[in-house]
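This report examines selected local features of one protein chain, including residue environments, backbone geometry, cysteines and helix packing. The sequence and structure are shown first.

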Amino acid sequence: MAHTAMSGTGTTAGDDPLQTAVWRLRSRACWADAAALIQPRTAGAALQRASLLVERCLYTEQGWAEAEDALRTAEALAQSDDERGAAACERGQLAYAATLLTVRDRADEARAALGRAAALLAPGAPGRALLDFRRGLLAENLAHAPQAARAAYRRAHAGATVQNDALLLSFTWRHLAGLALREGELAEARHGFAESLRIREELGYLVGTAPALASLADAEVEPEASRLRAEAGRLFRLLGGVPIWLAGQLTPPAATA
């Protein structure tokens, strides 16, 4: 499965020093450096390396060839259904990122890969919650089907809760809150965005903190909205303009006449 914030992946005291180092680099937008620490000799290591490089593509719009190479290695080493399903999930995420960022339309590939992952991963498999979340992303952002997205996000949220996957919970909180905001449910949106921000700050997930701040700003009133947006902008610049897609969100909405 993709390595998110669970015990054993560098986010808690007593974790493997290698995983702690990987997490610290990843959380500071140093995906290539984090990937360089991992020797892809096993299916699990190859998959973790691929997931880091796929994430870099989504946040920076760079490194597509490296991610493809790493993913092919992970697919070649996968032997069990869980390993093959997790690799297919990463394949779907890479195709989704390319489509979302208008690098190349790979929507059909994304749907097929995530469908393959769903056939391989049992309902209680470790990677199932992440798969549900990513199927929600496709439903929301490519199919423009918010109801289907909400159902997928809720399944992912429940799975992440059972697995104690804090980082994935920060994503499900944020995306459920985004749907609530679109429907005018401000209290629900603020709560979800605030939970996402709290988790990311507690984990030290710096690269995800600026998007969380900006999202919460969209649900707040002035002057709090401007304060949150300014803090998001500070972190965005600190990380060299990553994630690249956040730039437009840091501009406050135009005042209505």
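Ala225 is buried in this predicted model, because its relative accessible area of 3% is under the 20% limit for that class. The residue is part of helix H12, which spans residues 224-238. Apart from neighbours within four places in sequence, Ala225 has contacts with Ala217 and Glu220. A further spatial relation links Ala225 to Ala214: eleven residues separate the two in sequence, and their C-alpha atoms are 8.4 Å apart.

Gln19 is likewise classed as buried, with a relative accessible area of 12%. Gln19 belongs to helix H1, residues 17-27. Between the C-alpha atoms of Gln19 and Pro126 there are 18 Å in space, and the two residues are 107 residues apart along the chain.

**Backbone geometry**

Most residues other than glycine have a negative phi, and most peptide bonds are trans. Against that background, several places in the backbone deserve attention. The peptide bond between Glu222 and Pro223 is cis, with omega at about 5 degrees. Pro223 sits in the loop that connects helix H11 (206-219) with H12. A cis bond also runs from Val242 to Pro243, where omega is near 0 degrees. Pro243 is located in the segment after H12.

Two non-glycine residues with positive phi can be described in the same terms. For Glu61, phi is near 65 degrees, a positive value in a residue that is not glycine. Glu61 occupies the loop between helix H3 (43-60) and helix H4 (64-77). The relative accessible area of Glu61 is 32%, and the residue is therefore partly exposed. Asn164, which is not a glycine either, has a positive phi of about 55 degrees. Its place is the loop between helix H8 (146-163) and H9. Asn164 counts as exposed because its relative accessibility is 57%, whereas the class begins over 50%.

**Cysteines**

How many disulfides does the structure hold? There are zero. The sulfur of Cys30 has its closest cysteine sulfur in Cys57, at 16 Å, which is too far for a bond. Cys57 is in no disulfide, and the nearest cysteine sulfur to that of Cys57 belongs to Cys89, 15 Å away. As for solvent exposure, Cys30 is partly exposed at 27% relative accessibility, while Cys57 is buried at 0%.

The accessibility values discussed for individual residues are collected below.

| Residue | Relative accessibility | Class |
|---|---|---|
| Gln19 | 12% | buried |
| Cys30 | 27% | partly exposed |
| Cys57 | 0% | buried |
| Glu61 | 32% | partly exposed |
| Asn164 | 57% | exposed |
| Ala225 | 3% | buried |

**Helix packing**

Two packed helices are described by the angle between their axes and the distance between the axes. Helix H9 (residues 166-182) takes part in both of the pairs treated here, with H7 and with H10.

The axes of H7 (residues 128-142) and H9 come within 11 Å and cross at roughly 25 degrees. Because an angle under 35 degrees counts as roughly parallel, H7 is roughly parallel to H9. The two helices cross in a left-handed sense. On the H7 side, the contact is formed by Ala129, Leu130, Phe133, Leu137 and Glu140. H9 contributes Leu168, Phe171, Thr172, His175, Leu179 and Arg182. By class, this contact of H7 with H9 comprises seven nonpolar, two polar and two charged residues.

How are H9 and H10 oriented, parallel or antiparallel? The axes of H9 and H10 (residues 186-203) come within 8 Å and cross at roughly 160 degrees. Since angles over 145 degrees count as roughly antiparallel, H9 and H10 are roughly antiparallel to each other. The crossing of H9 and H10 is left-handed. Residues of H9 in this contact include Ala166, Leu167, Phe171, Trp173, Arg174 and Leu181. Among their counterparts in H10 are Leu186, Glu188, His191, Phe193, Ile199 and Leu203. The contact of H9 with H10 divides into 13 nonpolar, five polar and four charged residues.

Note on methods
Residues numbered from 1 in each chain as written. Predicted model: local features only at pLDDT ≥ 70, side-chain atom pairs only at ≥ 80, totals over all residues. Heavy atoms only, no water. Axes fitted to C-alpha atoms, helices over the stretch in contact; angles between N-to-C directions. Helix = DSSP H or I, 4+ residues; strand = E, 2+ residues; numbered from the N terminus. Parallel < 35°, antiparallel > 145°, perpendicular 65-115°, else oblique. Left-handed = near helix turned anticlockwise from the far one by under 90°. Contact = heavy atoms within 4.5 Å. Nonpolar A, V, L, I, M, F, W, Y, C, P; charged D, E, K, R; others polar. Disulfide = S-S within 2.5 Å. Buried < 20%, exposed > 50% of the residue type's maximum accessible area, 1.4 Å probe, protein only.
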